[in-house]
Amino acid sequence: MISTANYVARRYGVRSAMPGFIALKLCPQLIFVKSNFDKYSKASAQTRAVFRDYDPEFEAGSMDEAYLDVTEYVRLHGTTGPEVAALIRQRVQQETGLTCSVGIAPNRMLAKVCSDRNKPNGQYELPSTLAAVRQFVAALEIRKVPGVGKVTERILSAFGVHVAADLHTHRALLAALFSPVSLDFFMRIALGLGSTRHSDPGPDGSVGRKGMSCERTFRNMSEPRDLEAKLGELAEHLAADMASEDLKGRTLTLKLKCSNFELRTRAMTLPKYIHTASDILAAALKLLQAELPIEVRLMGLRMSSFLEQVRDPGQLSLAEMLAGRRSPAAGAEAGPSSAGAKAGPSSAGAGDYEGEAAGSSLGEGELLELSLQDWGRRRGPRPPAEDTCPGRDGSRSPDGREAKPAAMGEWACGACTLLNPGLAGRCEACGQRRRPHATMAVRRGQKKKPKVEGVTLDRFLAGKSRAASRGIDSPASGGSADIAECSLCREWLPETQLAQHMRGHRLSHR
């Protein structure tokens with residue numbers, strides 16, 4: 001496959017991405033030069049060093065393309081845009097021996113179009129005036145705009161759209177035919193609008209690229225064994241490229257070009273992020289099996305949906321939290337007395353465990369529980385919610401007062417127990433969605449402990465404390481009795497008493 005062609009070869013119809021045998025038919029005297037990416041990378045680094053002298057924050061479009069904002073340089077040095085462009089072209093040719101073309105315009109989209117006007121070694125300036133931009137855009141061919149390919153050009157041509165001015169003329173028709181995103185793109189072209197600033201860098205931990213791919217062209221191949229071998233080479237190459245940038249991806253795409261030049265693609269989103277050649281090959285073979293039998297002349301693999309490790313700078317990861325709890329200094333600083341004083345009855349005995357942590361090792365489960373308790377104390381005490389649930393044996397709240405029944409039409413939030421108006425769909429305090437009336441956490445007849453995943457720390461510790469004070473062996477305390485949790489008041493009680501407990505709820509709401 002031809003990666004690029006010089007201007008002499010292009011006169012014969014030779015172009016990039018064209019098979020070599022077709023190019024030889026168009027130009028029998030064609031000379032092929034083997035690619036040398038090391039040389040290309042070196043020349044690219046030299047040109048980028050020149051660009052940094054005029055815009056330290058320049059944005060590279062590819063190895064041989066870049067966007068520079070020279071507004072500040074022009075202001076500081078008292079020069080003009082065309083003079084800066086001529087100086088850049090001169091320095092690039094002196095240091096690399098290469099020529100380059102430059103476009104000067106008010107925004108990126110127009111500068112890209114202008115850079116194609118005077119190739120291979122020239123420059124073109126579009127004045128930064130409204131009249132000049134309108135006149136330039138009105139006669140701009142659609143195919144010359146970056147982002148408009150052959151398929152889009154054919155579709156637009158069928159509706160009488162050939163230049164950018166036609167986009168504005170037929171805007172009502174385009175609004176009916178295309179999506180809002182496409183319509184916005186077309187209107188920006190018609191008005192000559194484009195970005196005037198460089199793209200903002202992503203947050204720390206984000207991946208700058210959307211995908212990474214590799215592909216190979218070869219003689220027609222149809223044997224499954226040969227296709228699998230070629231797929232293994234691509235998997236190793238892609239894994240090496242991903243390892244160079246420490247990337248892991250989830251979506252793998254297989255690209256196949258048949259002997260009749262028909263293009264096929266298949267994609268798979270994996271349940272986990274992968275990066276090794278063996279994992280990539282295993283997933284790619286599944287995609288290939290779905291296309292067999294087939295005769296292909298091109299095969300490619302693309303990985304996307306990369307893992308981005310971005311989190312709030314103030315948020316501690318679980319590993320960091322556990323590492324802090326393992327520190328002897330942290331355990332000694334906390335002390336049994338201070339920990340017990342802050343923890344209150346819901347975490348009684350936590351100070352003793354922290355004292356042990358300084359001198360002996362604890363299990364992961366105990367260590368995690370202590371870390372959660374410490375995190376809860378650092379969040380500060382939470383004001384106790386009034387118990388509006390009539391108890392199963394006398395109906396008294398924790399502070400000894402008579403339990404106050406809910407008013408007519410009110411409902412208790414299942415997360416924070418706040419009473420909300422009957423017409424409210426969400427809790428006014430925590431935003432929790434209203435749940436159906438009093439559902440059992442454990443269905444009758446089941447001998448299975450209720451799950452406690454998703455229980456907040458306050459509920460976890462409060463339920464543990466209440467169950468211990470009433471002599472109930474709750475899941476929060478590691479017990480094994482058949483108990484259940486009331487979905488309204490979050491009370492842990494034996495399963496046999498849950499029905500009577502909830503009847504009390506219904507009576508209180510009446």
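This is a short tour of a predicted model, one selection at a time.

**Start with the whole chain.** Colour the protein chain by secondary structure, and you will be looking at 20 helices and 12 strands. The chain has 510 residues, and buried ones make up 34% of them. Switch on the surface next: its accessible area comes to about 31100 Å², with 52% belonging to carbon and sulfur atoms. If you like to display contacts, consider those between residues at least 6 apart in sequence; 52% of these join residues at least 24 apart.

**Next, select Val-151, Ile-155, Phe-159, Leu-173 and Leu-177.** Together these side chains make a nonpolar surface patch of about 390 Å². Which helices supply at least two residues each to this patch? Show α8 (150–158) and α10 (171–177) as ribbons, since these are the two to look at.

**Stay on the patch and pick Leu-177.** This residue sits in helix α10. Is Leu-177 buried or partly exposed? Its relative accessibility is 41%, so Leu-177 counts as partly exposed, a class that lies between the 20% and 50% cut-offs.

**Now move to the cysteines.** Select Cys-27 first: with a relative accessible area of 4%, Cys-27 is buried because that value is under 20%. Then jump to Cys-258, which has a relative accessible area of 6% and is therefore buried by the under-20% cut-off. How many disulfides does a search of the whole structure find? The count is zero, so there is no disulfide to highlight, meaning no pair of cysteine sulfur atoms within 2.5 Å.

How values were computed. Residues are numbered from 1 along each chain as its sequence is written. This is a predicted model: local features need pLDDT of at least 70, side-chain atom pairs count only at pLDDT 80 or more; totals for chains, interfaces and linings use all residues. Side-chain values use heavy atoms; hydrogens and water are left out. Patches are made of residues with over 30% relative accessible area and no salt bridge: like charges are joined within 9 Å, nonpolar side chains (Val, Leu, Ile, Met, Phe, Trp, Tyr) within 5 Å. Accessible areas come from the Shrake-Rupley method with a 1.4 Å probe; for residues, only the protein chains shown count as cover. A salt bridge is a side-chain nitrogen of Lys or Arg within 4 Å of a carboxyl oxygen of Asp or Glu. Helices (H or I, at least four residues) and strands (E, at least two) are DSSP runs, numbered from the N terminus. Buried means under 20% relative accessible area, exposed over 50%, partly exposed in between (1.4 Å probe, protein chains only). Contact means heavy atoms within 4.5 Å.
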